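Student: Could you take me through a close look at one part of this predicted model, the place where two helices meet, and then follow the chain from there to whatever else deserves attention?

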Amino acid sequence: MITRQIEAALKKMAGQFKAIAITGPRQSGKTTLAQMAFPQKPFVSLEALDERERAETDPRLFLSRFPEGCILDEAQRAPQLFSYLQLELDKSRSPGKYILTGSQQFGMMEKITQSLAGRVAVLTLLPFSMSELKDGQYLRNELDNVLWSGSYPAVFDQGIDPKWWLDSYITTYVERDVRQIVSVQDAAVFQRFLSLCAGNVGQLFNASRIGRDCSLSHSTVNKWISILEASYVAYRLSPHHANFRKRLVKTPKLYFYDTGLVVRLLGIESAHQITTHPLRGNLFENWVIGELLKNRFNRAERN
């Protein structure tokens, strides 16, 4: 089991804030991290229908089962619970009482800002960093293998073929979750949009060009890319300028949180194919930027 570097910041914050929210992409290890860092706390998954029903039917009674607090996994699944969490936190002076995890930034952060502002610290957990993989003796020797495998924990902990696991992840999480949020009717159009985004990795983000290539409006492209950002699939990185105003108005570049996802969206079938692929330099750039981002998040710093 690899010790996550963010654990030190998590425990430190839990000694100062009444609640901690751990966000990040699905399957990045949020649940495992919470349970490893706080093994004494009761664990409740709101993905379980019976627990979610209890939380929705009688939130006050549900929380009364955990007078010393607990770990609430996928907390955004029971949004009405947050108002009652606010009441519990206001009555308590104990730090680190509740540990919340959530994979959908929209649902999670919306409820936190509405009900728990000032009461909860927010951490973002991304898949394994290079140093974490090295500590666990999982780091690949060749760059192309590093780009091919990505860094999701299941690929290494369970020894699953990256191609099979990432294909399944794209189908079961990326497409399902994102399409549910934006109510996409045509799956083929959304798949083409994802592939076009992968084809623009490490390049200036041009919503008009992507929209033209998949017959979408400029506003729809911007809406869909915002959903990808909220789901921790992709993100836009603003350029660095000495002039702060230029940082805000200049065109950002498009990156993904995991190079393995990009590779599969590009249709690359093996690590060997990356060697001669025209986007190899872009993939490497994405990987470097991603490592810098993980380093900041693991120290509880903003991106």
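**Where two helices cross**

Tutor: In this predicted model, the axes of helix 11 (residues 187-199) and helix 13 (residues 218-230) come within 12 Å and cross at roughly 75°. Because angles of 65 to 115 degrees count as roughly perpendicular, helix 11 is described as roughly perpendicular to helix 13. On the helix 11 side the contact is made by V189, F190, F193, L194 and C197, and these meet V221, W224, I225 and L228 of helix 13.

One of the residues in that contact, C197, invites a question about its sulfur. With a relative accessibility of 0%, C197 counts as buried, because the cut-off for that label is under 20%. A disulfide would need two cysteine sulfur atoms within 2.5 Å, and by this rule the count comes to 0 disulfides. For C197 the nearest cysteine sulfur belongs to C214 and is 7.8 Å away, and C197 is accordingly in no disulfide. Seen from the other end, C214 is likewise in no disulfide, with the sulfur of C197 as its nearest cysteine sulfur at 7.8 Å. C214 also counts as buried, since its relative accessibility is 1%.

Following the chain past helix 13, one reaches Y232, which is found in the loop between helix 13 and strand 6 (234-237). Most residues other than glycine have a negative phi. The phi of Y232, however, is near 60°, a positive value in a residue other than glycine. Y232 is buried as well, given its relative accessible area of 4%.

A second residue with a positive phi is E74, whose value is about 55° although E74 is not a glycine. E74 lies in the loop between strand 3 and helix 5 (81-91), and its relative accessibility of 7% places it among residues that count as buried.

The neighbouring position in the numbering, D73, is found in strand 3 (residues 70-73). D73 is buried yet has no salt bridge, and the nearest side chain of opposite charge, that of K30, is 6.7 Å away; a salt bridge would require a side-chain nitrogen of Lys or Arg within 4 Å of a carboxyl oxygen of Asp or Glu. Leaving aside residues up to four places away in sequence, D73 touches T31, F43, V44, S45, L46, E47 and T101.

Conventions. Residues are numbered from 1 along each chain as its sequence is written. This is a predicted model: local features need pLDDT of at least 70, side-chain atom pairs count only at pLDDT 80 or more; totals for chains, interfaces and linings use all residues. Side-chain values use heavy atoms; hydrogens and water are left out. Buried means under 20% relative accessible area, exposed over 50%, partly exposed in between (1.4 Å probe, protein chains only). Helices (H or I, at least four residues) and strands (E, at least two) are DSSP runs, numbered from the N terminus. Lys and Arg count as positive and Asp and Glu as negative; His and the chain ends are not counted. Contact means heavy atoms within 4.5 Å. Axes are lines fitted to C-alpha atoms, for helices over the stretch in contact, and angles run from 0 to 180 degrees between N-to-C directions. Angles under 35 degrees count as roughly parallel, over 145 as roughly antiparallel, 65 to 115 as roughly perpendicular and the rest as oblique.
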